Amino acid sequence: MFGVRDVLFALLGGRCQACGASMAGTLDAESLVRLCAHCQPLLMPRRGGYCPLCGEMVADQGAVPLVCGRCRRDPPPWSGLAFFGSYAGLLRDLLTGFKFNSRLGLGRLLQALAVEAYALHGACWERPELVIPVPLHPRRLRARGFNQSLETSRLLARELGVPVGAEVLRRCRHTRPQVSLPARERRENVQGAFVADEAAVLGRRILLVDDIMTTGGTLRECARTLRRAGASNVSALVIARTAADG
Ligand SMILES: [Zn+2]
Ligand SMILES: [Zn+2]
């Protein structure tokens, strides 16, 4: 099993960004992701068997992506969702390890996976004009010192050649953690919790970025807020999505 200690040793340079193992041979300097032969197959992007709107996954990873029944009945407030993979295995260990030990090269690896997810799922989308991170709760921001989604947004924006809207979307009131709540209370919990800078958003195509989509309630509320503020289109990207949409 992959431990947090291993994560701590993840370094850049001639080392695997996931486990820190020394890597022999020549490295592709252009590549954003450097993984050893052990980690590489454990960190493969999800290429099929998911709903392109909400990311709900089916067992067959080779299945052609199909809009699920739920999204047909009640489409999400975004036009597409890109994600790297299921919140499980090594990807989950990396995200968990990063949450508690936000140092070294791990953040860079996670950001690179986000870029890969965009290349895979977002390549056919109309290019966004602004990248906006889901704002972290101020209390969590104080505890962690930075917002991982903002760092991911910065790299994505650089790759896309568009600006980042770091302050465009803000939390305007306290919310309880979504996972602690029963499904029916989640929407109420986040409803009206965000405000968007209309001048920055009006008429623009926006890519909304978060690290993990668990219940999807926060991401949905952020997308709704941006659309209400006049965004012409909102698409979403997360690094990992939990397998069950609770
Ligand atoms: Zn490795
Ligand atoms: Zn769906």
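These are legends for four views of a predicted model.

**View 1. The whole chain, for orientation.** The protein has nine helices and six strands. Out of its 246 residues, 40% count as buried. Take the contacts between residues at least 6 apart in sequence: 69% of them join residues at least 24 apart.

**View 2. Leu208 inside the largest nonpolar core.** This core runs to 58 residues, and Ala114, Leu208 and Leu226 have the most contacts inside it. Helix H4 (residues 106–122) is the top contributor to this core, giving nine residues. Zooming in on Leu208 and skipping neighbours within four places in sequence, you'll find it touching Trp78, Ile132, Val134, Leu219, Cys222, Ala223, Leu226, Val234 and Ala236.

**View 3. Strand S1 next to strand S6.** S1 (residues 81–86) is mostly covered, with five of its six residues buried. It pairs with S6 (residues 233–241) in the parallel sense, over five bridges. To pick out one partnership, look at Ala82, whose bridge partner in S6 is Leu237.

**View 4. Helix H6 and what packs over it.** H6 (residues 148–160) has 13 residues, so at 1.5 Å a residue it should span 18 Å, and its end C-alpha atoms are indeed 18 Å apart. Its buried residues are Gln148, Ser149, Leu150, Glu151, Thr152, Ser153, Leu155, Leu156 and Ala157. The cover over those buried residues includes H4, strand S2 (130–133) and strand S5 (205–213). Just past the end of H6, Gly161 takes a positive phi of about 70°.

Notes:
Residues are numbered from 1 along each chain as its sequence is written. Chains are lettered from A and ligands numbered from 1 in the order in which they are written. This is a predicted model: local features need pLDDT of at least 70, side-chain atom pairs count only at pLDDT 80 or more; totals for chains, interfaces and linings use all residues. Helices (H or I, at least four residues) and strands (E, at least two) are DSSP runs, numbered from the N terminus. A residue is buried if 20 or more other C-beta atoms lie within 10 Å of its own, exposed if 12 or fewer, and partly exposed in between; C-beta atoms are placed from the backbone. Two residues are in contact if their C-beta atoms, placed from the backbone, lie within 7 Å. A nonpolar core is a set of buried Ala, Val, Leu, Ile, Met, Phe, Trp, Tyr and Cys residues joined through C-beta atoms within 7 Å. Two strands pair if DSSP finds at least two bridges between them. The expected span of a helix is 1.5 Å times one less than its number of residues.
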